[in-house]
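Subject: Structure for your files

Hello,

Here is the structure I said I would pass on. My notes on what turned up in it follow below.

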Amino acid sequence: MQPRNMSMSGVVDLAAVKAAQEAKAKAEQARAQAAREGGTAAVSPADLVIDVDEAGFERDVLQRSAEVPVVIDFWAEWCQPCKQLSPVLERLAVEYAGRFLLAKIDVDANQLLMQQFGVQGIPAVFAVVAGQALPLFQGAASEDQIRQTLDQLVQVAEQRFGLTGLAVDPDAEAGAPAAAQAPAAGPYESLLNAAAQALDAGDLGGAIQAYKNVLTEDPAHPEAKLGLAQAELLQRVQGSDPQKVRQEAAGKPSDVPAQIAAADLDLVGGHVEDAFGRLIDTVRRTAGEDRDAARLRLLELFEVVGAEDPRVTEARRALARALF
């Protein structure tokens, strides 16, 4: 089976955005608690690969994911592709030097975990970041593909949740204590926290303003850009009648506002390719201000999904073909 790369952005709906913000807050609380207790102990390279079972899953995966991305390798002794993939993941865990933790789960001994993650076949690789589960790929994958996925995971974990990984002492024995500083809060932490609180209260306008306040000072701030794009999308669809919007879009294929409204709903529902395809088709068959409106909305939706997503890369190519 070919690897199935997944977006790091997740499904774009209010519940997902709130869950991510809550997970970020919990991760920050865990790091603050560790700092008060004298810091997180440095680990040896041997501690970067752990065997996990159902009894220890909450402690070893969910709780640890508040300080480091945890990559889960579902495997079995009888699985030949697993015997090729697992050593690569183990080697990369050491090479990445604490930027992620590798948790190995034997599916034969942990059927419940396999079912909870919806694993259909092995090898299967997932990640848990600040308590949020993300499917990475299933089946055999080349080392280049694995590295690309891990790089994306580490980047998102740091930008979205402030997870900079574990301190690793190459000379330390497994479990030997050593102090490590908790990551310092960023200069816009209070504004980002205000945005998270506004989202939690359903105050999309307040969240939007908080993100805009960050971007006024730092126009390239990645978390604020993503948060603003998501919050504005959610504000646009809030209170709309999905059935009516889709009926109008189906009945009026040349109506650009109708197609834009339907594309927003497509994306909120997680139908990323449908949203992109709808607006690219609209760009292709329109001109002037109509074409520009569809193009600009498409660029906004790219921000929501994230530039690193392969679906955005492909849609950018399709947009260029439609324009030129």
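A disulfide is counted here as a pair of cysteine sulfur atoms within 2.5 Å. On that definition Cys-79 and Cys-82 form one, with their sulfur atoms 2.4 Å apart. A search of the whole structure finds one disulfide. Please keep in mind that this is a predicted model. The torsion about the S-S bond of Cys-79 and Cys-82 is about 80°, so the disulfide is right-handed. Are the two cysteines buried or exposed? Cys-79 is buried, at a relative accessible area of 3%, and Cys-82 is buried too, at 1%; the cut-off for buried is under 20%.

Overall picture

The protein has 324 residues, of which 45% count as buried. There are 13 helices and five strands. The accessible surface comes to about 15800 Å², and carbon and sulfur atoms hold 50% of that. Among contacts with a separation of 6 or more, 72% are between residues 24 or more positions apart.

The sheet

The five strands form an open sheet with mixed pairing, in the order β1-β3-β2-β4-β5. At the edges are β1 (49–51) and β5 (132–138), each of which pairs on one side only. On average, neighbouring strands of this sheet are turned by 25° against each other, direction ignored. Helix α5 (residues 143–161) packs on the sheet, where α5 touches β2 (70–75), β4 (124–129) and β5. The direction of α5 makes about 165° with that of β5.

Going through the pairings from the β1 edge:

- β1 and β3 (residues 101–106) run parallel and are joined by three bridges. Val-49 stands opposite Leu-102 of β3, and Asp-51 has Lys-104 as its bridge partner in β3.
- β2 and β3 also run parallel, with six bridges between them. Here Val-71 stands opposite Leu-102 in β3.
- β2 and β4 are antiparallel, paired over five bridges. The bridge partner of Val-71 in β4 is Ala-127.
- β4 and β5 are antiparallel, paired over six bridges. Ala-124 has Gln-138 as its bridge partner in β5.

Leu-102 therefore has a partner on either side, since it stands opposite Val-49 and opposite Val-71; strands of a sheet pair through backbone hydrogen bonds, either parallel or antiparallel.

The hairpin of β4 and β5 has two residues between the strands, and Ala-130 takes a positive phi near 50° in it.

How much of the sheet is covered? In β3, five of six residues are buried. In β4, six of six are buried. Ala-124, Phe-126 and Val-128 point one way from β4, while Val-125, Ala-127 and Val-129 point the other way, and all of them are buried. In a regular strand the side chains alternate between the two faces of the sheet.

The cores

Which residues touch the most other members of the largest nonpolar core? That core has 45 residues, and the answer is Tyr-211, Leu-233, Leu-267, Phe-276, Leu-298, Leu-301 and Phe-302. The elements that give two or more residues to this core are α6 (189–200), α7 (204–217), α8 (222–237), α9 (242–251), α10 (256–268), α11 (272–284), α12 (288–305) and α13 (310–323). Leu-298 touches Phe-276, Leu-279, Ile-280 and Leu-319, leaving aside residues up to four places away in sequence.

Another core lies apart from the largest one and has 26 residues, among them Val-68, Cys-82, Ile-105 and Ala-124. Cys-82 is thus one of the residues of this other core as well as a partner of Cys-79 in the disulfide. Ala-124 belongs to this other core and is the residue of β4 that bridges to Gln-138 in β5. In soluble globular proteins, nonpolar side chains tend to be buried together.

Regards

Key
Residues numbered from 1 in each chain as written. Predicted model: local features only at pLDDT ≥ 70, side-chain atom pairs only at ≥ 80, totals over all residues. Heavy atoms only, no water. Helix = DSSP H or I, 4+ residues; strand = E, 2+ residues; numbered from the N terminus. Buried < 20%, exposed > 50% of the residue type's maximum accessible area, 1.4 Å probe, protein only. Contact = heavy atoms within 4.5 Å. Areas by Shrake-Rupley, 256 points an atom, 1.4 Å probe, with all protein chains shown as cover. Pairing = 2+ DSSP bridges. Axes fitted to C-alpha atoms, helices over the stretch in contact; angles between N-to-C directions. Core = buried A, V, L, I, M, F, W, Y, C linked by side-chain atoms within 4.5 Å.
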